[in-house]
Amino acid sequence: FNLEGTGTEGGPTPNFVAYGASKAPLAQILRSLSVELRGTNVCVHNIAPGIALTALQMAGHWADLDTLRIFNILAETPKTIAGNLVPKIRSVVARGQSGTTLRYLTQASVMWRCLTAAWRVNRWFDIWNGGRPAFNTTALISPCATVSGNNAAPSSTAEQEFSASAREAAARAEEPPRKQARWAGQSSGGASSRDTGSHTGFGVPRPPVRKGP
């Protein structure tokens, strides 16, 4: 199983050139190996997980509101994506199939998410509060950093910059939200289930959706 990602479709991957270059040939590798290995007991597949809320995915996007709007519509947690793809992986293995691409985000699901985008506003990031995270961002701190107590020592300048931006986003998540005209059925002055203190990571209910002005 080869894992597709940003760059698989040939798009640019600035600041992650090596990563994008490693993903671009996967479609060709799949087609070639599926023919080459025909008649053997070896099967080959690609996995396309879509947009997962991971440290790598968020690097450089914390302040990019346009990208965060897209993430609110299309992004999911790794746990949700795995829950969808793992049964499919087991199924193709059990059937002995080869040469398939297992996608979390299909064309139909992308269209559905876009059509229902109004119900996904501020799902992960509060665009009306400058992109304030609506979930516990602790899991997005760079895993490449060597942590000792409260001090992190990233192994490169890029990792150091990312860790700083991730910690800043985590700090913003603890700030009290600005007063807004309406909540989904309640005022922001009341108790909110978006209080990140009760969050333990990604395995939590999604935050309530805020209505538009």
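With a relative accessibility of 77%, asparagine 15 counts as exposed in this predicted model. The residue lies in the loop between strand 1 (2-3) and helix 1 (17-23). Its backbone is worth a look as well: phi of asparagine 15 is near 75°, a positive value in a residue other than glycine.

A second asparagine invites a side-by-side reading. Asparagine 122 also has a positive phi, of about 60°, although it is not a glycine. Its place is in the loop between helix 6 (107-115) and strand 4 (125-126). At 3% relative accessibility, however, asparagine 122 counts as buried, whereas asparagine 15, at 77%, counts as exposed.

These two loops belong to a chain with 7 helices and 7 strands. Read from the N terminus on, the elements follow the order β-α-α-β-α-α-α-β-α-β-β-β-β-α. Of the contacts between residues at least 6 apart in sequence, 65% join residues at least 24 apart. Buried residues account for 34% of the 213 residues in the chain. The chain exposes about 12400 Å², and carbon and sulfur atoms supply 57% of that area.

For readers planning to look at the cysteines, the structure holds 0 disulfides. Cysteine 43 has a relative accessibility of 35% and therefore counts as partly exposed. Cysteine 114, with a relative accessible area of 45%, is partly exposed too. Both values fall in the partly exposed class because that class lies between the cut-offs of under 20% for buried and over 50% for exposed.

Methods. Residues are numbered from 1 along each chain as its sequence is written. This is a predicted model: local features need pLDDT of at least 70, side-chain atom pairs count only at pLDDT 80 or more; totals for chains, interfaces and linings use all residues. Side-chain values use heavy atoms; hydrogens and water are left out. A disulfide is a pair of cysteine sulfur atoms within 2.5 Å. Buried means under 20% relative accessible area, exposed over 50%, partly exposed in between (1.4 Å probe, protein chains only). Helices (H or I, at least four residues) and strands (E, at least two) are DSSP runs, numbered from the N terminus. Contact means heavy atoms within 4.5 Å. Accessible areas come from the Shrake-Rupley method with a 1.4 Å probe; for residues, only the protein chains shown count as cover.
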